[in-house]
Amino acid sequence: MRGRWGLGQAPAPNTVHLLESRGVRVFSLDSEHQEVDAFSLWRDGVPYVFLNTAKSGERGRFDAAHELGHLVMHGRDRALNTPEAEREANRFASALLMPRADVLARMPSGAQVDQILSARSMWRVSAMALAHRLHDLALLTGDQYRAACRRLAELGYRSAEPGGIPRETSQVLPKVLSALRAQGLPPARLASALHIPLTELNTLVFGLALAPHPGGGRSRATRRPALRVLPSPAD
Ligand SMILES: [Zn+2]
């Protein structure tokens, strides 16, 4: 994949921008869907990726790379929802984000946790993901890897990424939204044309539909509706 896309061995760029530049439609998922990190699908020959934005920026990059793995490796004749497909997508993501030659060139054998923590920003991956990659590449023994994982978990790096990067967001969607606005189709009208609430549209487009847009002031579409209490339905 790196060869075909001409990425060489350098750390991966912004993954959302990368996928978009190759024709993948990337959308965000409502953070209330906590059980789903991400998913992807092909529809009419077009690849789609949906990312849950509740996780850390590093997790988001891994999820995007993982879904790219599914898009290029699974579906059709190869089952998508198997533990093996999950392992393959994880290995794909790990290798895409942390190229073997680059990691071998920069990381010592038997890296300590503080070295892992300072190195994670080179590839913009989670400390856990980097530790896993180091073990994959035999730079950490099984014991060293398990010890690193225990220490990282104690420091809070299993469920979060203290001191991590911000979430990556779309490069294409702001352009699309602004072009549609220019054509007289602000987000509120777009949502009603799609028969979904504006808030739902907003969760799909990285919150950009309700973001203030360039051109001065706030449009009608970005004004928050006043909340009111609805009467309960008559029995
Ligand atoms: Zn998966």
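How many residues of strand 3 (residues 46-52) are buried? In this predicted model, the count is seven of its seven residues, so to speak a mostly covered strand. The side chains of strand 3 split into two sets: Val46, Tyr48, Phe50 and Asn52 point one way, while Pro47, Val49 and Leu51 point the other way. Both sets are buried. That zigzag fits a general pattern, since side chains in a regular strand alternate between the two faces of the sheet.

Strand 3 also has partners to look at. Strand 1 (residues 25-29) runs parallel to strand 3, and five bridges join the two. Here Phe27 stands opposite Phe50 of strand 3. Strand 2 (residues 38-43) pairs with strand 3 too, this time in the antiparallel sense and over six bridges. In that pairing, Ser40 has Val49 of strand 3 as its bridge partner. Strand 2 and strand 3 form a hairpin with two residues between the strands, and in this hairpin Asp44 takes a positive phi near 50°.

Next come the empty spaces. The largest pocket holds about 660 Å³ of space. Its lining counts 31 residues, and Arg59, Phe62, Asp63, Asn90 and Ala129 are the ones nearest its centre. Three elements give two or more residues to this lining: helix 2 (57-73), helix 3 (83-97) and helix 6 (127-136). Sorted by class, the lining of the largest pocket has 13 charged residues, eleven nonpolar ones and seven polar ones.

The second largest pocket has a volume of about 400 Å³, and 19 residues line it. Nearest its centre lie Arg25, Phe27, Leu173, Val176 and Val205. Phe27 is the residue already met opposite Phe50. Two or more lining residues come from each of strand 1, strand 3, helix 8 (172-182) and helix 10 (198-204). Helix 8 supplies the largest share, with five residues. What classes of residue make up the lining of the second largest pocket? There are 16 nonpolar residues, one polar and two charged. This pocket also draws on two domains, taking at least three lining residues from each of domain 1 (15-154) and domain 2 (172-215).

Just ahead of helix 8 is a residue worth a stop: Ser170 sits in the loop between helix 7 (142-154) and helix 8. Is Ser170 buried or exposed? Its relative accessible area is 6%, and the cut-off for buried is under 20%, so Ser170 counts as buried. The side chain of Ser170 makes a polar contact with the side chain of Glu20 at 2.6 Å. A polar atom of that same Ser170 side chain lies 2.7 Å from the backbone nitrogen of Leu173, and Leu173 is one of the residues nearest the centre of the second largest pocket.

Finally, there is the enclosed space. The count comes to one cavity of 30 Å³ or more, and the largest cavity has a volume of about 40 Å³. Thr15, Val16, Leu51, Gly57, Gly60, Arg61, Arg167 and Glu168 line it. Helix 1 (15-21) and helix 2 are the elements that give two or more residues to this lining, with helix 2 giving the largest share, three residues. Leu51, part of this lining, is among the buried residues of strand 3. By class, the cavity lining divides into three charged, three polar and two nonpolar residues.

Conventions:
Residues numbered from 1 in each chain as written. Predicted model: local features only at pLDDT ≥ 70, side-chain atom pairs only at ≥ 80, totals over all residues. Heavy atoms only, no water. Buried < 20%, exposed > 50% of the residue type's maximum accessible area, 1.4 Å probe, protein only. Helix = DSSP H or I, 4+ residues; strand = E, 2+ residues; numbered from the N terminus. Pairing = 2+ DSSP bridges. 1 Å grid on protein atoms, 1.4 Å probe; cavity = no way out; pocket = protein on both sides within 12 Å on 5 of 7 lines; lining within 4 Å. Points joined across faces, edges and corners; volume = space filled by probe spheres on them. Nonpolar A, V, L, I, M, F, W, Y, C, P; charged D, E, K, R; others polar. Domains from an automatic or database assignment. Polar contact = N/O pair within 3.5 Å; in protein donor to acceptor, adjacent residues only side chain to side chain.
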